[in-house]
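I'm opening my notebook on this one and want to see what the rings are up to. After that I'll look at a charged residue and the core.

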Amino acid sequence: MGNGGLGTKLRAAVGTAEEAAEAFRAAAQSRTLHNLKGDNFKIDGIPDKRVADIVYGSGMTKGPGRAVYDALMDAPEDELCPLCRHSDVTQLDHVMPKATYPALCVAPENLVPVCGFCNHTKNDRAPENAEDVLLHPYFEHTGTATWLDAELATSALDAGRLTYFVNPPPDWDSTFTARVRRQFTFLDLSRRYSVKANQTLRGIHHHLVKQLKAGGAAAVGVHLTDMATSHLAADPNGWTGVAYRTWAANDDFCQGRFW
C-alpha cells in the first residue's frame, strides 16, 4: 500500500521548515512569540500529528537526528531545567508545541531541555499574549539582577519555613516583570522552592544547633552568610542561596528559631 507520496512531501517541506525556524528565531529575539499563529506553521498535505510522529518521533528521537537531540539534552552545564532552576533535565520541550506548529518540530531553537514537571505542566500550551510567554533560555534570561526573594513564616509551628516570591529590580519593564511572575506562578515555584529549602533546613539543623551552642547567634549568622555568599555567587537567584540569605538576615532565626 502506498503512503500517498509522504516521502516526497516531506522532502519538499525542507524549505518550509527552514523558513519556519527563521520566523521563530526572529520572534524569540523580539519577544513576540505570542504573535506566531499555528496556521502559518503547517506542512502542506500532511496532518500535523503525522509530521510530529515521523519527523520528530522517528527522525529525531530514534533516527539520524538523535545526535542533535543528545547535544541539546547535554547542553545545560549544571543539568538543571532552565525554566524552573529546580529539577534535573530529563526531556526536550517544544517551546511552540509540535501538535500545532509542526513545521517547528525539529527546529533546534524551538527545543529546550527541561524537567518532567515543567514539560508536563506546559504540555501543548502556546502563549496567548505578551505576558504569557515563558522566558526562552537561548535568547533571554534574568541576567545577574537579583529578583528572587523569600520571607520567613511568622508561625512558631513553621519556624524556618520560607515563602518565595518575585521581587523585581526597578529597571525591569512591566511586561518582563509580568512574564517572570507569570512563569513563577505557572510552574509553582514558590511551593517547589519552599519544599527544597525546608529539606535543606532539616539537613543542617544539627549543625546550626552546634553553632548556636558553641558561638551563639553570631556564629550561626556567620555560617549562614558564608553559605549564602557561596551559593549566590554561582546563581544570584538560586533558591538555595536565597534561603541562606534570608535565614542569615533574620535575628530570631539566628538566635535559635529553627528548633
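**Rings first**

I looked for linked rings and found that ring pairs join Tyr244, Trp247, Phe253 and Phe258 into a cluster. Note to self: this is a predicted model.

How many aromatic pairs turn up in the whole structure? My search gave 8. I picked out phenylalanine 41 and tyrosine 101, a tilted pair with 5.6 Å centre to centre and 50° between the planes. The label makes sense to me because planes under 30 degrees apart count as stacked and those over 60 as edge-to-face, with the rest called tilted.

Then I checked where the two partners sit. Phenylalanine 41 is in the loop between helix 2 (14–29) and helix 3 (48–58), while tyrosine 101 is in the loop between strand 1 (91–94) and strand 2 (111–114), so their pairing ties together parts 60 residues apart in sequence.

Buried or exposed, I wondered about phenylalanine 41? Phenylalanine 41 has a relative accessible area of 5%, so I wrote down "buried". Tyrosine 101 counts as buried too, at 6% relative accessibility.

I also pulled up tryptophan 172 and phenylalanine 176, which make an edge-to-face pair: 4.9 Å centre to centre, with 90° between the planes. Both of these are buried.

**Arginines over rings**

Next I looked for charges sitting over ring faces. Arginine 125 lies over the face of phenylalanine 186, 4.6 Å from the ring centre. I noted arginine 192 over the face of phenylalanine 117 as well, at 3.9 Å from the ring centre.

**Aspartate 132**

Where does aspartate 132 sit? I found it in the loop between helix 5 (116–122) and strand 3 (148–152). Its relative accessibility is 10%, and buried means under 20%, so aspartate 132 goes down as buried.

A polar atom of the aspartate 132 side chain lies 3.2 Å from the backbone nitrogen of glutamate 128. Leaving out neighbours within four places in sequence, I listed Arg125, Ala126, Pro127 and Arg182 as the contacts of aspartate 132. Arg125 is familiar from the entry on phenylalanine 186.

**The core**

Last stop: the largest nonpolar core, which has 72 residues. Which residues have the most contacts inside it? I got Leu33, Tyr164, Leu224 and Trp247. Helix 7 (residues 189–234) supplies the largest share of this core, 12 residues.

Trp247 was in my ring cluster too, so I looked up what it touches. Not counting residues up to four places away in sequence, tryptophan 247 touches several residues, among them Leu152, Leu162, Ile204, Leu224 and Phe253.

Technical notes
Residues numbered from 1 in each chain as written. Predicted model: local features only at pLDDT ≥ 70, side-chain atom pairs only at ≥ 80, totals over all residues. Heavy atoms only, no water. Phe/Tyr/Trp six-rings, centres within 6.5 Å; stacked < 30°, edge-to-face > 60°. Helix = DSSP H or I, 4+ residues; strand = E, 2+ residues; numbered from the N terminus. Buried < 20%, exposed > 50% of the residue type's maximum accessible area, 1.4 Å probe, protein only. Lys NZ or Arg CZ within 6 Å of the ring centre and 35° of its normal. Polar contact = N/O pair within 3.5 Å; in protein donor to acceptor, adjacent residues only side chain to side chain. Contact = heavy atoms within 4.5 Å. Core = buried A, V, L, I, M, F, W, Y, C linked by side-chain atoms within 4.5 Å.
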